[in-house]
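Biologist: I should like to go through this structure by question and answer. Please take me through it one topic at a time.

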Amino acid sequence: MTQDSKDFAISALSGEFSCPAQERAYRTGQHAAELRQMRIVWSVALAFFALYAPFETLSSPTDGQLIALPRLLILCIGLLTMLATAVSHTRQWRDSCTSAGLLLVMLCYGWLLAGRADAGSAGALLLLIAGSYSFSPGRFVLLCSTGILGSLGAVLVATLCAPPAALPWMDFSFLLPANLLGALALAQVNRTRRQVYCQAQRLRREMERRRSAQRKLQALHQRNLDLLHNALPAVVARQLAAHPKHKPARQHALVTVLFADIVGFSQLCRRLSARRLVQLLNCLFEDFDKLAGRHGLEKIKTVGDAYLAVAGINGTGSGHAVQAALLALDLQRSAEQVAQSFHCKLRLRIGLHSGPLIAGVIGHKRYAFDVWGETVNIASRLQCAAGPGRILVSDSTQRGCPSNLLFGPVRKFQLKGCGVVQASTLYSRLSVTQL
């Protein structure tokens, strides 16, 4: 038997939950609805009691005084019962107040019937009994005990108040079957209501499980998108997420490619431990990524100690050359700062070239965004031709840079596989006073 079945097990006799905690939870949740039903039942029953009063007084004026006091008590008890269940401090005693009120009403009805044997308010009492059992059910044992004690008490009060020759128990013969039918109805009502409640609770739990699973799925989906955005440019990542089978590719007419490489990386590997080397590269490339994002370049990849980024691939317009040049200067400064923190010598060789290229996604298990074309090859060859700590910029890139960047003289470089390329060294960015 599962824990869920144990929690929602229903007693065959009373129709209530066998688990006390579950029964308390049910009553707490149904408190407001049952309280409204109880008030309706008592209001209707008291209205009938009040309506019977003038008719019975007119039909038998001599007995009117005998039944006036118990009828008044019945009305007062009913009003006090409704008031006690309406006050917030006594709502937790709702079942006890209702049962006590019903018991006192039945006793007063015994007094009422003893004063007038043919009193016509029995219908109101039956309505109150039936309503108390069916529409505003309290605890099964409490209501059944109230019905038994009320029936016996009404007979006892009527016997004490009735004339010697009267047989009051015959006038109250309807109370015992009425309470018995009420107890059976209460058990059935309890069972039906709790079955509906169980279904609602199971449905709520299932909905909560589905919402939780949906939230986890959304979080996982967002995590995958974040990983995809980390590996690919934003535009390419969105295209790939929308159409996974279609690998986006695009030809760009004019962009600027930046290649950066660490000078003497092989000697650095021999001097540093593996852990220290990875820490250095991680610190260095994390700074490079931040600087690339700040200047609007798209990082393509790192190959060993080389760093490749492209400006203008995200549609930044004609300013891609100056973006790449400014990033190159910041990369040199960043390398110097990292070298100081790791107490080692660290210099970069950087090459810049502007021209057309093709960008796209390749691979199946691990997507890779890459760029191809002569522009990439020339930038790579310029990086190899640059001196340690220098930035070599091709003539096509220099033409797109403003006058506040300080360049050296233009020289011709014979690059392997690329022919002769005119390039100059980028030194620094001039301040306003220098201009």
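Biologist: Is aspartate 395 buried, partly exposed or exposed?

Modeller: This is a predicted model, in which local features need pLDDT of at least 70 and side-chain atom pairs count only at pLDDT 80 or more, while totals for chains, interfaces and linings use all residues. Residues are numbered from 1 along each chain as its sequence is written, and side-chain values use heavy atoms, with hydrogens and water left out. Buried means under 20% relative accessible area, exposed over 50%, and partly exposed in between (1.4 Å probe, protein chains only). Aspartate 395 has a relative accessibility of 24%, so the class is partly exposed.

Biologist: With which residue does aspartate 395 form a salt bridge?

Modeller: A salt bridge is a side-chain nitrogen of Lys or Arg within 4 Å of a carboxyl oxygen of Asp or Glu. Here the closest N and O atoms are 2.4 Å apart. The partner has a relative accessible area of 60% and is therefore exposed. The residue is arginine 399.

Biologist: Why are glutamate 206 and arginine 209 separated by about one helical turn?

Modeller: The two residues form a salt bridge, with the closest N and O atoms 2.8 Å apart. Both lie in helix α8 (residues 175–231); helices are DSSP runs (H or I, at least four residues), numbered from the N terminus. The separation is about one helical turn because the residues stand three apart in this helix.

Biologist: Which residues are linked with Arg210 in a network of salt bridges?

Modeller: One member of the network is partly exposed, at a relative accessible area of 29%. Another counts as exposed, at 51% relative accessibility. The residues linked with Arg210 are Glu206 and Arg209.

Biologist: How are α11 and α12 oriented to each other, roughly parallel or roughly antiparallel?

Modeller: The axes, which are lines fitted to C-alpha atoms over the stretch in contact, give angles from 0 to 180 degrees between N-to-C directions. Those of helix α11 (residues 274–295) and helix α12 (residues 320–342) come within 9 Å and cross at roughly 150°. Angles under 35 degrees count as roughly parallel, over 145 as roughly antiparallel, 65 to 115 as roughly perpendicular and the rest as oblique. The two helices are therefore roughly antiparallel.

Biologist: Where is confidence lowest in the protein?

Modeller: pLDDT is the predictor's confidence in each residue, from 0 to 100. The protein averages a pLDDT of 80, and 84% of the residues score at least 70. Confidence is lowest, at a mean of 60, in helix α7 (residues 168–171).
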